[in-house]
Amino acid sequence: MKFIWRLIPVSFILLITGCGVENLSALDPKGPVAEMQYSLIQLSLYIMIAVLVVVFAIYIFVLFKFRDKPGDTHIPKQVHGNRTLEIIWTTIPIILLLMLAVPNVMDTFTLADVGVGEEAEESGEADAEDAERDHVRIEVTANQFWWEFNYPDYDATAGQEMYIPTDTRIIVELQSSDVIHSFWVPALAGKQDNIPGVQNDMWFEASEEGVYQGKCTELCGPSHWLMDFRVIAVDPETFDTWATNMSEPAEELLEPESEVAVDGRAVFEESCITCHAVGQDGGNIGPNLTNYSEREVLAGFLDPTDENLEAWIRNPQEYKPGNEMPSFDSLTDDEVTALIEYMNTLKVLEN
């Protein structure tokens with residue numbers, strides 16, 4: 001019976017190891033940077049397992065070979081001061097450390113080099129258009145408690161969701177507008193800090209299309225645990241369309257589809273446009289809402305339902321304490337309904 005009770009927690013632990021969110025694990029790499037880092041994890045694990053096996057083997061051998069026997073007063077041979085043994089157990093750890101250090105240092109230099117396309121341009125092997133296609137540069141600014149993604153080469157800005165083309169080097173320039181944050185997309189790359197007044201650079205690629213979960217991994221305030229984002233990898237053609245429409249959305253994509261939505265746009269322009277932009281119009285205090293209706297989450301973590309959006313508009317502090325968005329409880333029910341209908345029309349990609 002005791003064995004069964006002990007087996008229950010072990011079984012539960014094994015069960016929950018299978019739970020999790022897709023594309024939110026460094027142990028399931030989906031790009032060259034993540035694969036490089038995963039290889040280092042595997043190397044260190046194999047070395048540790050080998051050391052563990054050897055140490056346990058020696059321990060078990062000594063345990064049985066030199067165990068105390070009745071009437072046995074023999075003292076094992078003393079090896080203190082044995083130069084050969086001291087050289088062996090000094091050399092082996094050095095070799096193991098070198099096996100870990102050399103690939104780590106090599107990969108560190110590789111990951112630190114964010115340059116791309118320079119050799120091809122100098123040798124004339126790529127024209128200007130190909131050089132631009134080699135990479136996409138994104139300025140990532142962390143705020144309490146949301147993420148801003150600026151694409152300077154496309155004159156586009158997005159919030160909470162970073163769109164990237166597949167099989168393309170993504171050069172990320174990390175900044176912060178307030179406190180220290182940390183940018184991490186486990187399935188694509190390791191962590192890097194967003195520090196006020198300091199720009200940190202990194203790069204990664206996505207080998208396949210999909211939605212990759214991102215996290216802030218630096219305690220940055222009361223809603224730190226809610227500071228999530230998405231990296232959405234699409235084919236290069238779709239990305240170009242998305243980036244172009246985020247910069248200058250086609251009028252038909254943002255045109256209200258009903259009279260209620262028209263009224264909602266008026267509410268938005270009166271109450272929201274100072275902080276939130278749609279296309280080129282509006283402020284950048286809060287996330288850009290040009291493609292709001294295509295978002296997978298609201299405020300970084302809520303399901304984007306009309307009920308959640310209304311609750312968020314009415315009292316955002318209840319859901320994300322410490323964020324800078326004020327409450328709009330003065331809006332009438334009709335105004336909120338119209339505003340929600342208008343926001344549900346905002347998109348940049350044709351369905």
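Here are a few worked exercises on the predicted model shown above.

**Exercise 1: Get your bearings**

Work out how many helices and strands the chain has, and what share of its residues is buried.

Solution. Start with the secondary structure: there are eleven helices and ten strands. Next, look at burial: of the 351 residues in the chain, 38% are buried. Then check the surface, where about 20500 Å² is accessible and carbon and sulfur atoms hold 58% of that area. Last, take the contacts with a separation of 6 or more: 66% of them join residues 24 or more positions apart.

**Exercise 2: α2 against α3**

Decide how helix α2 runs relative to helix α3, and find which residues make the contact.

Solution. First locate the pair: α2 covers residues 32-65 and α3 covers residues 83-112. Their axes sit 11 Å apart, at an angle of about 175°. Angles over 145 degrees count as roughly antiparallel, so α2 is roughly antiparallel to α3. Now go to the residues. On the α2 side you'll find V33, M36, Q37, L40, L43, S44, I47 and V51. Facing them from α3 are L96, M99, L100, P103, N104, D107, T110 and L111. Sort this contact by class and you get eleven nonpolar residues, four polar ones and one charged.

**Exercise 3: α8 against α11**

Do the same job for helix α8 and helix α11: what are the angle and the axis distance, and which residues touch?

Solution. Helix α8 spans residues 259-271, and helix α11 spans residues 333-343. The angle is about 100° and the axes are 7 Å apart. Since 65 to 115 degrees counts as roughly perpendicular, α8 is roughly perpendicular to α11. From α8, the contact uses V260, A261, D263, G264, R265, V267 and F268. From α11, it uses E335, T337, A338, L339, E341 and Y342. By class, that's seven nonpolar, two polar and four charged residues.

**Exercise 4: Chasing disulfides**

Find how many disulfides the structure has, then say whether C216 and C275 are buried or partly exposed.

Solution. Searching the whole structure turns up zero disulfides. Take C216: its nearest cysteine sulfur belongs to C220 and is 3.9 Å away, and C216 is in no disulfide. The cut-off to keep in mind is 2.5 Å between the sulfur atoms. At 6% relative accessibility, C216 is buried. Now C275: the closest cysteine sulfur is in C272, and at 8.4 Å it's too far for a bond. With a relative accessible area of 25%, C275 counts as partly exposed.

Definitions and conventions: Residues numbered from 1 in each chain as written. Predicted model: local features only at pLDDT ≥ 70, side-chain atom pairs only at ≥ 80, totals over all residues. Heavy atoms only, no water. Axes fitted to C-alpha atoms, helices over the stretch in contact; angles between N-to-C directions. Helix = DSSP H or I, 4+ residues; strand = E, 2+ residues; numbered from the N terminus. Parallel < 35°, antiparallel > 145°, perpendicular 65-115°, else oblique. Contact = heavy atoms within 4.5 Å. Nonpolar A, V, L, I, M, F, W, Y, C, P; charged D, E, K, R; others polar. Buried < 20%, exposed > 50% of the residue type's maximum accessible area, 1.4 Å probe, protein only. Areas by Shrake-Rupley, 256 points an atom, 1.4 Å probe, with all protein chains shown as cover.
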